[in-house]
Each structure stands twice: as C-alpha cells, then as structure tokens.
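I opened the notebook to look up a few local features, one at a time. The entries follow.

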Amino acid sequence: VQLQASGGGLVQPGGSLRLSCLASGSIFRVDRMEWYRQAPGKQRDLVATVSGAGKISYGDSAEGRFTVSRDYAKNTLYLQMNSLKPEDTAAYYCKANIQEIGAPWRYYWGQGTQVTVSS
C-alpha cells in the first residue's frame with residue numbers, strides 16, 4: 001500500500017492550491033483519511049479529517065480557508081486551500097487507516113508535498 005500526495009508548489013499570498021492524496025495497492029478497505037502539515041522546526045499538526053463514514057473535521061490551522069473532500073471510489077483525499085498565507089508554508093502529509101487484503105488495519109503516511117506561499 002502506498003499513499004501518494006501531490007499538488008504542492010509555490011503560490012503567492014492569497015492564492016489557491018488543491019492537494020491530492022491517492023491510496024493504492026492491495027487495499028481491502030480505507031477508513032479515516034487525514035491531512036497534516038509540518039513547517040520547519042515545528043511539530044506536525046492536523047489539518048483535516050474525513051472519516052470512513054464521511055464525517056469531516058478540521059484542525060485549527062484550517063481556519064475556514066481549507067476544504068477537505070474525498071472520493072471513496074478512487075481512494076483519494078483532497079484539500080482545497082484558498083486565501084493562502086505565508087504561514088501556511090509547510091510540507092503537507094496525508095495519513096490513512098487502511099486494511100490490506102488478508103491483513104489487520106494499520107496507519108500509513110504519504111511522502112509529503114511541499115507548499116510554499118511567498119511573493
């Protein structure tokens with residue numbers, strides 16, 4: 001099983017980005033999927049969560065500017081980020097609770113995608 005995050009890049013303040021996280025491999029079921037972010041020298045913080053049942057919650061860092069969504073058929077998690085600020089600069093990671101075929105549930109992390117907000 002792999003989590004592949006993409007969509008990061010360099011954007012000016014006030015701009016937008018859409019991140020994607022694709023879960024692939026011998027997947028039987030996917031439960032919770034989440035976005036985290038980590039700025040240099042800081043701890044990794046929760047940005048948003050989508051449960052297996054579709055319940056959505058946000059961490060403080062989302063501040064009403066981010067919208068998380070999920071395509072269950074494609075095992076893909078998205079994060080739409082609007083009105084980006086320099087303080088949103090961080091590596092963004094996805095995390096998912098996945099059950100492989102014939103195996104117990106476990107958490108997987110993606111490799112991270114860098115978001116840089118700068119003029």
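**Entry 1: T113**

I started with T113, whose side chain reaches the backbone nitrogen of G8 at 3.0 Å. I kept in mind that this is a predicted model. T113 lies in strand β11, which covers residues 113-117. Is T113 buried or exposed? I found a relative accessible area of 9%. The cut-off for buried is under 20%, so T113 is buried.

Next I looked up what surrounds T113. Setting aside neighbours within four places in sequence, I listed A5, S6, G7, G8, L19, A90, A91 and Y92 as its contacts. G7 is on that list, and I checked its backbone too. The C-alpha atoms of T113 and G7 are separated by 7.0 Å. Along the chain these two residues are 106 residues apart.

**Entry 2: the disulfide**

How many disulfides does a search of the whole structure find? I got one. C21 and C94 form the disulfide, and their sulfur atoms are 2.1 Å apart. I noted the angle about the S-S bond as 65°, and the link of C21 and C94 is right-handed. C21 lies in strand β3 (residues 17-24) and C94 lies in strand β9, so the disulfide ties together parts that are 73 residues apart in sequence.

I then looked up accessibility for both cysteines. C21 is buried, at 0% relative accessible area. C94 is buried as well, with a value of 0%.

**Entry 3: aromatic pairs**

I turned to the rings. A pair of aromatic rings is described by the distance of the centres and the angle of the planes. I counted two aromatic pairs in the structure. For Y93 and W109, the ring centres are 6.5 Å apart and the planes stand at 80°. Edge-to-face needs an angle over 60 degrees, so the pair of Y93 and W109 is edge-to-face.

Where do the two partners sit? Y93 is in strand β9 (residues 90-100), and W109 is in strand β10 (residues 105-109). The pair links distant parts of the chain, with the two positions 16 residues apart in the numbering.

I checked exposure for each partner. Y93 has a relative accessible area of 16% and is buried. W109 comes out at 39% and counts as partly exposed.

Which residues do the ring pairs link into a cluster? I wrote down Y36, Y93 and W109.

**Entry 4: charges over rings**

I looked for a charged side chain over the face of W109 and found R44. R44 lies at 4.7 Å from the ring centre of W109. I recorded a further case at Y107, where K95 lies over the face of the ring. The distance from K95 to the ring centre of Y107 is 4.5 Å.

**Entry 5: positive phi**

Last, I looked up backbone angles. N75 is not a glycine, yet I read a positive phi of about 50°. Where is N75 placed? I located N75 in the loop between β7 (66-71) and β8 (76-81).

S83 is also a residue other than glycine, and its phi is positive, near 50°. I placed S83 in the loop between β8 and β9. S83 is partly exposed, with a relative accessible area of 39%.

Key: Residues are numbered from 1 along each chain as its sequence is written. This is a predicted model: local features need pLDDT of at least 70, side-chain atom pairs count only at pLDDT 80 or more; totals for chains, interfaces and linings use all residues. Side-chain values use heavy atoms; hydrogens and water are left out. Rings of Phe, Tyr and Trp (its six-membered ring) pair if their centres lie within 6.5 Å; planes under 30 degrees apart count as stacked, over 60 as edge-to-face and the rest as tilted. Helices (H or I, at least four residues) and strands (E, at least two) are DSSP runs, numbered from the N terminus. Buried means under 20% relative accessible area, exposed over 50%, partly exposed in between (1.4 Å probe, protein chains only). A charge sits over a ring if NZ of Lys or CZ of Arg is within 6 Å of the ring centre and within 35 degrees of the ring normal. Contact means heavy atoms within 4.5 Å. A polar contact is a pair of N or O atoms within 3.5 Å; within protein, one must be able to donate a hydrogen and the other to accept it, and residues adjacent in sequence count only if both atoms are side-chain atoms. A disulfide is a pair of cysteine sulfur atoms within 2.5 Å.
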